[in-house]
Amino acid sequence: MFKNATLFRISPDFALPDLADVQEAFSRLKYVPCGPQQEYSLGWGPPRGKATDPLVEPVAGGLIMRLRSESRPIPASAIKQVVDAAIEKHKQETGHERVGAKMKKMFREEAVISLQPRAFSRYSDTLLWIDAKNKFLVVDAASFSRSDTVITFLIESLAALPVPPEILVRPLQTMMSATAAMAHWLVSTEAPNQFTVDRDCELKTPDEQKSSVRYSNHTLEIDQVAEHIRSGKVPKKLAMTWNDRVSLVLFHTGQVSKIKLHLVVLDGVDGSGDDDEFDTDAAIITGELSALIPDLINALGGELAEGGDL
């Protein structure tokens with residue numbers, strides 16, 4: 001649960017709507033599997049994973065949701081093969097050597113119709129946590145494109161409520177970029193408060209050549225790392241540990257991936273796999289993130305509000 005974190009700030013006056021209203025509104029936008037001729041489907045799925053479970057789970061004064069997408073792409077090579085066969089058959093039947101663009105377009109449309117029912121499905125589930133208390137929104141995605149899809153669908157879903165809440169969502173911005181901060185930590189060999197620098201990082205030149213250096217399971221407190229940065233390479237990602245409790249990888253975009261809880265956090269947790277496991281996992285991860293995120297913001301120089309400093 002929440003292996004990645006793309007962070008957003010929500011409007012300070014946002015208040016959670018009535019849970020029953022949210023459940024009802026989201027049920028009208030529930031995920032439905034693709035039909036035979038359908039290439040894409042998007043909708044809410046139960047966070048617990050069982051079809052009969054609720055689509056929205058309350059956790060510590062916030063909400064956890066899961067957006068599911070299904071895509072059924074047809075390989076371009078398969079379409080080309082069917083179209084080429086149709087063109088060749090048309091030439092033989094008509095005796096014409098040339099086939100017009102309009103005819104080729106028709107053959108392609110017919111190929112897609114014939115191939116779509118046989119296309120394999122690809123599924124993607126993305127968790128979303130609204131921290132109503134601290135006014136954060138966390139998307140379990142390592143790409144902004146996926147996060148944008150989730151946020152857009154969320155806002156559209158909330159707009160369908162009987163009384164739509166006022167919610168403005170923007171990417172979390174900090175005074176210092178993650179790139180500049182990571183470069184400072186690596187050159188000075190001084191990690192920010194509550195964090196330690198681990199043994200993995202990637203440095204890359206910002207020019208067209210994109211020359212890169214990767215360190216894996218290697219000490220980073222060496223002159224060579226600082227020299228790479230002084231010569232123009234910039235950190236793209238850096239493995240870190242927060243408070244000896246959570247390990248993560250910070251990207252130059254400010255996103256976080258490979259979130260892993262340490263044993264000290266999980267000590268005493270019952271992993272029996274029963275229905276209470278979701279509640280326990282959700283409470284633990286949201287509790288850790290609600291404390292980690294402010295420390296990460298501080299490590300990046302504090303938060304930059306829209307239009308100025310906070």
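For sorting pocket linings, Ala, Val, Leu, Ile, Met, Phe, Trp, Tyr, Cys and Pro count as nonpolar, Asp, Glu, Lys and Arg as charged, and the others, Gly among them, as polar. With that in hand, here's a quick tour of this predicted model: its largest pocket has 9 nonpolar, 8 polar and no charged residues in the lining. The second largest pocket reads 7 nonpolar, 2 polar and 6 charged. There's also an open sheet of 5 strands, plus 1 cavity of 30 Å³ or more in the whole structure.

**The largest pocket**

- You're looking at a volume of about 310 Å³ here.
- The lining of this pocket takes in 17 residues, and β1 (6-10) and α8 (276-299) are the elements that give two or more of them.
- If you want to find the centre on screen, head for Leu172, Gln173, Thr174, Thr253 and Gly254, which lie nearest to it.

**The second largest pocket**

- This one holds about 240 Å³ of space.
- There are 15 residues in the lining, and Asp200, Lys237, Ala239, Val249 and Lys258 sit nearest the centre.
- Strands do a lot of the lining: β8 (195-204), β9 (212-215), β10 (234-242), β11 (246-251) and β12 (256-261) each chip in at least two residues.

**The sheet**

- Reading across, the strand order is β9-β8-β10-β11-β12, and the pairing is antiparallel.
- β9 and β12 are the edge strands with a single partner strand each, so one side of each has no neighbour in the sheet.
- On average, neighbouring strands are turned by 15° against each other, direction ignored.
- As background, strands of a sheet pair through backbone hydrogen bonds, either parallel or antiparallel.
- β8 and β9 pair over 4 antiparallel bridges, and along that pairing Lys204 has Ser212 of β9 as its bridge partner.
- β10 and β11 pair over 6 bridges, again in the antiparallel sense.
- Lys237, one of the residues nearest the centre of the second largest pocket, has Phe251 in β11 as its bridge partner.

**A closer look at β9**

- In a regular strand, side chains alternate between the two faces of the sheet.
- β9 has a covered face made of Val213 and Tyr215.
- Its uncovered face carries Ser212 and Arg214, and Ser212 is the residue that partners Lys204.

**Helices on the sheet**

- Helix α5 (residues 178-188) packs on the sheet and touches β8, β10 and β11.
- The direction of α5 makes about 70° with that of β10.
- α8 lies across β8, β10, β11 and β12, and runs at about 130° to β12.

**The cavity**

- Rolling a probe the size of a water molecule over the atoms shows where empty space is left.
- The largest cavity comes out at about 50 Å³.
- Its lining is Ala5, Leu7, Val256, Ile259, Leu289, Leu292, Ile293 and Leu296.
- By class, that lining is 8 nonpolar, with no polar and no charged residues.
- β12 and α8 each supply at least two of the lining residues, and α8 gives the most, with 4.
- So α8 keeps turning up: α8 gives two or more residues to the lining of the largest pocket, gives the most to the lining of the largest cavity, and lies across four strands, β8, β10, β11 and β12.

Methods: Residues numbered from 1 in each chain as written. Predicted model: local features only at pLDDT ≥ 70, side-chain atom pairs only at ≥ 80, totals over all residues. Heavy atoms only, no water. 1 Å grid on protein atoms, 1.4 Å probe; cavity = no way out; pocket = protein on both sides within 12 Å on 5 of 7 lines; lining within 4 Å. Points joined across faces, edges and corners; volume = space filled by probe spheres on them. Buried < 20%, exposed > 50% of the residue type's maximum accessible area, 1.4 Å probe, protein only. Pairing = 2+ DSSP bridges. Axes fitted to C-alpha atoms, helices over the stretch in contact; angles between N-to-C directions. Contact = heavy atoms within 4.5 Å.
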